[in-house]
Protein chains: 2
Amino acid sequence: MAKPRHNSLIIVISIIIVIFISSSFSLASQPFKFRRAPRFPVKFSHQARPHLQQQYRYDTRYFWQRLDHFSFADHPRFLQRYLINTEHWVGPNRPGPIFLYCGNEGDIDWFATNTGFVWELAPSFGAMVVFPEHRYYGESMPYGSQEEAYKNATTLSYLTAEQALADFAVLITDLKRNLTAEACPVVLFGGSYGGMLAAWMRLKYPHIAIGALASSAPILQFEDLVPPETFYNIVSNDFKRESTSCFNTIKESWGELISVGQKENGLIELTKTFRLCRDLMKTEDLADWLNSAYSYLAMVDYPYPSEFMMPLPGYPIREVCKQIDSGPESTSILDRIFQGVSVYYNYTGEFDCFQLDDDPHGLDGWNWQACTEIVMPMSSDQDASMFPTNNYNYSAFQEECWQDFKVIPRPRWITTQFGGHGKCDVDLDPRDIKSVLKFFGSNIIFSNGLLDPWSGSSVLQNISETIVALVTKEGAHHIDLRPSTRDDPDWLKEQRATEIKLIEGWLNSYYREKKSTFNI
Amino acid sequence: MAKPRHNSLIIVISIIIVIFISSSFSLASQPFKFRRAPRFPVKFSHQARPHLQQQYRYDTRYFWQRLDHFSFADHPRFLQRYLINTEHWVGPNRPGPIFLYCGNEGDIDWFATNTGFVWELAPSFGAMVVFPEHRYYGESMPYGSQEEAYKNATTLSYLTAEQALADFAVLITDLKRNLTAEACPVVLFGGSYGGMLAAWMRLKYPHIAIGALASSAPILQFEDLVPPETFYNIVSNDFKRESTSCFNTIKESWGELISVGQKENGLIELTKTFRLCRDLMKTEDLADWLNSAYSYLAMVDYPYPSEFMMPLPGYPIREVCKQIDSGPESTSILDRIFQGVSVYYNYTGEFDCFQLDDDPHGLDGWNWQACTEIVMPMSSDQDASMFPTNNYNYSAFQEECWQDFKVIPRPRWITTQFGGHGKCDVDLDPRDIKSVLKFFGSNIIFSNGLLDPWSGSSVLQNISETIVALVTKEGAHHIDLRPSTRDDPDWLKEQRATEIKLIEGWLNSYYREKKSTFNI
């Protein structure tokens, strides 16, 4: 554990249990590899900051779910947790809408806390709010406990997106039946992986929900649907747009890191420079730690101070680059880097030393999902990227998944399930996911902020009249779903207003079709 | 076994391994129950009549499939059989179409033999033909053998429609990749349960196939989407339209059956009247045998002689009723009934005695599917039906499934997966399967003949411009898919011509979208 100056703060640095997907980064001139690729921001600790907890009112309930919806094998059921609030709901007769957040890879209460948009919207829509937790996360553990659920590949094997979608479908169907609310329209919300689930759910279960707001949902980050360099290029551009010298310093730092690490006592020197709590064992551990900081900074590059993952200032990359670029000219590259990432890892200044995550292959749920069906190829480009050059190496990836979980990934399964086989060079090939959306989907908003590195593998252009892309130049990872603040810029207010208008439109057209007189 | 006059004929009567879904038929005045409900016509014997075998040319191949597509549990893979013919295929560059028949609950070669339409169509379309077998049927047995696959509820648990659809999706995706045929449009065909699979596949995997001909696909035979009396009312009407006295004789016969059966030596009397090979043990066995005959007769009430399940004359119900109605006035009801069903069970006159199926709960694959997700409620109406009055009793059904398989059905799963929750009284409720088809589907033909008792739970009206219902008044169970004959009536030729035109339309619009110059 880190040693916080203030004992009252327990977590924080331990959050950096990071990243994986194990793109093997390798380059002749820079013979080390990152052992982790980016993942979505998720608070891993079960403890949230006290003042953020239960910011919104809800009941916590539990629903017995089947472990395998797609077979009749006699598995033990498990309790899925869900949060529910009906205080603003206008009831089954109107019929009042149901806002359903598609829980993603973490504690559902943390997502509830960070998805203020849904809570703020509910009263004016007279909506019920439901936040079901994703199986294998938080308290929704098969086999009775996390320990049992995460025991091995057999117990983990039902941790898939299709099963999670079926959980949502079964839960909401049952909930509606119990409330005689069958006619109540469901609107899906989701951010990040949860946004992917919301979009996929609208495609696969159109009868369950009338529309979906899929915020920062990189549904194209599979196979070769987008160039694998997309993610790191956007992170790099986020730094470059603040300062070219900052970008260059970071780009140079990797070589410097290696050359120091290879010196006699080099690891000790790096331990000191980066104020690590424990002796550095491998330069890669430090590189991974830095990579994480840059990648997350790009995701949470919000225009106002936030505490989504870490306490950070507004536009944190600007602050990081300010630190990297400042100081006397004689300041070493690595000292500059340390000053920079300290903005991310220690903005409050509460830490004396830093704890790296040196178990990148920890058996967490997302690692499992990344090693099975959510296989997202990532490379790093020699020119446009500030990261070490890297070509995605599927064999190495597969090998590591076998080492970690004794499982073989199915990199083509998601595109077989949801579409995506079309060649990238054909506009709207009937086989690709965009065509599926165009010809078979409706009422989905893909919202993205271009600072978010995941935006490059989401949907950035309108696909049809009802499959709409909302893009903000200055937005980061699902900023629209976050609670509103006094500092919200106008473009964010406008984006949310558009989303509200679109959702109103879905509901009104549902009510028209139902010939209901209910009005929002 | 039956004792055939001609030793060369092995099967035939044993085919009547019938029917289940165990609607408990009961009526105060007629205190016996049918232990079987109707099922689709499928040749159960692995041996087909020699002259029907390999009528069409194809290669038989095998593909390693996953047992569970929706989990990562480490199950042994199994070999899925598929039949393939590429001799007329114009190849990947044109790009030539692929006609894919969605194999249903039986040997795929029997379906291939009985689906002449696809084979006859392929040359003019320059199409490849592929007939994948449904898992757990024919040779496509998990765990290496039928004995192992059907051992118990655990080994059977992966016999579901969703897994079968995923099999088709994975197989065709792999096949196309291996042939560099990714751009080749796939057209789905299917009859009966295979037609349900074709329609569902088009809904759930629109990127895999550009359209589907779903012939006689009762996708509405779930929960309360259609009145449960629908099936037996249509069977009954098929008889009534030929002869009211025939209908009345059958309607009266059930009471007569019971009253004879209850007499001293009554079972012996029934054994003699119906020329049974073995002593009748229960009146129900005989009632089931008669029920089967009537139900199948309605399905295969084709306008020309056929041998789909049994060798039969054209319009066989007319012939059955002729036998029931003829003979001197003094002829007893049960003698009339025997003469009638002999048309079905013994049209060639080759049998001296008849073998009932007295193991209605035999562990066959369809019984499993009917006891798990394909739960089709069936009742028999007091007035409109010629069968004993019966109200569908789900509890009794569930109890029998538990007895037979140690499995609990999920009667609501299919509607959760594919839609159907809308109330019947609301036209195009956004939650019902018809709305799903209208708003999210396209390019599906639902073809039905109104003599077919399954037609009542299929789609009989156009739902949109591209979800088309083709209905023939005189058609029976997926007659359009059968090989063409010299005796085909004009309405059948017209129906097929319309289907061809619609399929051409799908292909042409695909090619237009692809900006390809390929023309059929």
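## Environment of B:S458

B:S458 is placed in the loop that connects strand 9 (444–449) and strand 10 (467–472) of chain B; strands are DSSP runs of E, at least two residues long, numbered from the N terminus. The model is predicted: local features need pLDDT of at least 70, side-chain atom pairs count only at pLDDT 80 or more, and totals for chains, interfaces and linings use all residues. Residues are numbered from 1 along each chain as its sequence is written, and side-chain values use heavy atoms, with hydrogens and water left out.

B:S458 counts as buried because its relative accessibility is 4%, the term buried meaning under 20% relative accessible area, exposed over 50% and partly exposed in between (1.4 Å probe, protein chains only). Leaving aside residues up to four places away in sequence, B:S458 touches B:A217, B:P218, B:I219, B:L220, B:F446 and B:N448 (contact: heavy atoms within 4.5 Å). With B:N448, the side chain of B:S458 forms a side-chain polar contact of 2.9 Å.

## Strands 9 and 10 of chain A

In chain A, strand 9 (residues 444–449) runs parallel to strand 10, and 6 bridges join them; pairing requires at least two DSSP bridges between two strands. One of the bridge partnerships links A:S447 to A:L470 in strand 10. Strand 10 (residues 467–472) of chain A is mostly covered, with 5 of its 6 residues buried.

## Position of A:L79

A:L79 belongs to strand 4 (residues 78–85) of chain A. Its relative accessible area is 32%, so A:L79 is partly exposed.

How values were computed: Chains are lettered from A and ligands numbered from 1 in the order in which they are written. Helices (H or I, at least four residues) and strands (E, at least two) are DSSP runs, numbered from the N terminus. A polar contact is a pair of N or O atoms within 3.5 Å; within protein, one must be able to donate a hydrogen and the other to accept it, and residues adjacent in sequence count only if both atoms are side-chain atoms.
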